[in-house]
Amino acid sequence: MASVNVNGIRASYRKGMAEWLAPRQVDILCLQEVRAPDEVVDGFLADDWHIVHAEAEAKGRAGVLIASRKDSLAPDATRIGIGEEYFATAGRWVEADYTIGENAKKLTVISAYVHSGEVGTQRQEDKYRFLDTMLERMAELAEQSDYALIVGDLNVGHTELDIKNWKGNVKNAGFLPEERAYFDKFFGGGDTPGGLGWKDVQRELAGPVNGPYTWWSQRGQAFDNDTGWRIDYHMATPELFARAGNAVVDRAPSYAERWSDHAPLLVDYTIR
């Protein structure tokens, strides 16, 4: 499973995304900030992949997709949107169901792009509304599927380990206590009020280390100095997490070789 915010699929392919993808044995590819209509997306991926794409109504904004290999994994069902009409055309949530393994288990995959937010604006209110809706949908998904996985750019660093310069960002969108409290609920167990018990796959596998970061500002020397944020996630139900291993942030070798300001996050899941 691979997930990455491409910061515009046309720009990412122009800068080398195809060359990155070709040698990697990715079965399911999830993209965020696609920022292109269906016909453009099809031109890049349709030959080899089954695609479900939630295009944003606002041109050049947002957009999420899930692509699975045509030669191995076709979706049984797909759904666009998180279930609330307010976000129906936002291009921020798409779901696909797959039958997988010898025991024909149901796997539901979601590609998500949470609002970046901005303190004191409608953008921040929309972010909270979306996170509220996520809490509701995640509870449903855990009940409806054998395995469920939400991947994408969730635009929140959960803990101090997730942002290099966390002290300078405690009052900024992306590291506000109110935002981080949602992730406490996403990953909290029975001792957390409202805890859903999902697993932060990369953090669980990496342990209590700084990062590994997945996004770096385009300004200054952020990438070269690894002054990053860990805001891209694989969030799995416990049953799927038990089958996870080898989480990798595929960071470009140099600033010049980047094809997005985010790095892909890849995780192997073994389902037999």
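**Exercises: helix packing and overall build**

Helix α4 (residues 122-144) and helix α5 (residues 177-187) have axes that come within 11 Å and cross at roughly 5°. Axes are lines fitted to C-alpha atoms, for helices over the stretch in contact, and angles run from 0 to 180 degrees between N-to-C directions. The model is predicted: local features need pLDDT of at least 70, side-chain atom pairs count only at pLDDT 80 or more, and totals for chains, interfaces and linings use all residues. Residues are numbered from 1 along each chain as its sequence is written, and side-chain values use heavy atoms, without hydrogens and water.

**Exercise 1.** Classify the angle between α4 and α5, then describe their contact.

*Solution.*
- Step 1. Angles under 35 degrees count as roughly parallel. So α4 is roughly parallel to α5.
- Step 2. Contact means heavy atoms within 4.5 Å. From α4, the residues include Tyr128, Leu131 and Leu135. From α5, they include Tyr182, Phe183 and Phe186.
- Step 3. Sort by class: eight residues are nonpolar, one is polar and five are charged.

**Exercise 2.** Decide how compact the protein is for a globular protein of its length.

*Solution.*
- Step 1. List the elements: seven helices and 14 strands. These are DSSP runs (helices H or I, at least four residues; strands E, at least two).
- Step 2. Take the radius of gyration over C-alpha atoms; the globule rule is 2.2 Å times the number of residues to the power 0.38.
- Step 3. The radius is 17 Å, close to the 19 Å that the rule gives for 272 residues, so the protein is as compact as a globular protein of that length.

How values were computed:
Parallel < 35°, antiparallel > 145°, perpendicular 65-115°, else oblique. Nonpolar A, V, L, I, M, F, W, Y, C, P; charged D, E, K, R; others polar.
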